[in-house]
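Q: I am new to this structure and would like a close look at one part of it. Please pick a residue that leads on to other parts of the chain.

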Amino acid sequence: MERIDAEESAVASIRREISIDVAPEAVWAAMRDVGALHTRLVAGFVTDCRLDGDARVVTFANGVVARELIVDVDDDQRRIAWAAVGGRLTHHNASAQVFSHATGSRVVWIADLLPNALAPGIASMIEHGLAAMKMTLEGQRASR
C-alpha cells in the first residue's frame, strides 16, 4: 500500500464569519439570488456575475474570473454551496450559511481547497468578501 504524507493529502480549510446588523431573512434573500452577487450581496468585491446553466461566472474586483457550479441552495437551512472549477485550484468547494444572531445575522463562510499554498490568498478574498457583504447589506438597509 502506497504511503501518502499528511501534508500532501491535507485540504486547506478556511472558516470565517461576520455579524451583520440585518435580519437573516433579508441576508438570505440576497445570498440565494446566485446571479446577483455584484448588486445585492457583495457590491465592489464582485464586479460582474452572470448565470451559465448550473453555474455562475464571477468577476472579482482584483480581475480574477471564476466559474462556480451551484451545488445547493437550501432555503430551510439558509445555506448555499458551490464549487469553483478550472483555474489554479485543483479542488475547491465552499458554502455560506446565514444564522440568526442578536439583532441581526451571522454569516459563516467555509471553503476547502487544494493546493494548500493558495489558502492565504483565498482566505484574504473571503475576508474582503465578508466585509463587502456587511457594507452592502447594512448600506441597503440604511438607504430604505
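A: What follows starts at Arg56 in strand S3 and then moves outward.

First, some ground rules. This is a predicted model, in which local features need pLDDT of at least 70, side-chain atom pairs count only at pLDDT 80 or more, and totals for chains, interfaces and linings use all residues. Residues are numbered from 1 along each chain as its sequence is written, and side-chain values use heavy atoms, leaving out hydrogens and water.

How confident is the model? pLDDT is the predictor's confidence in each residue, from 0 to 100. Its mean over the protein chain is 91. Of the residues, 90% reach 70 or more. Among the elements, helix H2 (residues 24-31) has the highest mean pLDDT, 98, and helix H1 (residues 6-9) the lowest, 47. Helices (H or I, at least four residues) and strands (E, at least two) are DSSP runs, numbered from the N terminus. Over residues 1-8, pLDDT stays under 50. For that stretch the model has two contacts beyond four places in sequence. A contact means heavy atoms within 4.5 Å.

Now to Arg56. Its relative accessibility is 4%, so it counts as buried. Buried means under 20% relative accessible area, exposed means over 50%, and partly exposed lies in between (1.4 Å probe, protein chains only). Leaving out residues up to four places away in sequence, Arg56 touches Val34, Leu37, Cys49, Arg50, Leu51, Ala66, Arg67, Glu68, Ile70, Ile80 and Trp82.

Two of these partners are polar ones for the side chain of Arg56. With the side chain of Glu68 it makes a polar contact at 2.7 Å. The backbone oxygen of Val34 lies 3.3 Å from a polar atom of the Arg56 side chain. A polar contact is a pair of N or O atoms within 3.5 Å; within protein, one must be able to donate a hydrogen and the other to accept it, and residues adjacent in sequence count only if both atoms are side-chain atoms.

Arg56 also meets a ring. It lies over the face of Trp82, 5.4 Å from the ring centre. For a charge to sit over a ring, NZ of Lys or CZ of Arg must be within 6 Å of the ring centre and within 35 degrees of the ring normal. Arg106 has a place of this kind too, over the face of Phe99, at 4.8 Å from the ring centre.

Next, the aromatic pairs. The structure holds two of them. Rings of Phe, Tyr and Trp (its six-membered ring) pair if their centres lie within 6.5 Å; planes under 30 degrees apart count as stacked, over 60 as edge-to-face and the rest as tilted. One pair is Phe45 with Phe60: the centres are 5.3 Å apart and the planes at 65°, so the pair is edge-to-face. Phe45 lies in the loop between helix H3 (37-41) and strand S2 (46-52), and Phe60 in strand S3 (residues 55-60), so the pair ties together parts 15 residues apart in sequence. Both Phe45 and Phe60 are buried.

Trp82 and Trp109 form an edge-to-face pair as well, with 6.0 Å from centre to centre and 65° between the planes. This pair links distant parts of the chain, 27 residues apart: Trp82 is in strand S5 (residues 79-85) and Trp109 in strand S7 (residues 104-114). Trp82 is buried, at 6% relative accessible area. Trp109 is buried too, at 12%.

Other residues face outward to differing degrees. Val65, in strand S4 (residues 65-74), counts as exposed at 53% relative accessibility. It touches Val57, Val58 and Thr59, not counting residues up to four places away in sequence. Thr39, in helix H3, is partly exposed at 45%. Beyond four places in sequence, Thr39 is in contact with Thr136 and Gln140.

Back to H2. Its buried residues are Pro24, Val27, Trp28, Ala30 and Met31. Seen down the axis of H2, they fall within an arc of 160°, so they line one face of the helix. That arc is taken from the directions from the helix axis to the C-beta atoms.

Last, some backbone details. A cis peptide bond, with omega about 0°, joins Leu114 and Pro115. Arg78, in the loop between S4 and S5, has a positive phi of about 50° although it is not a glycine.
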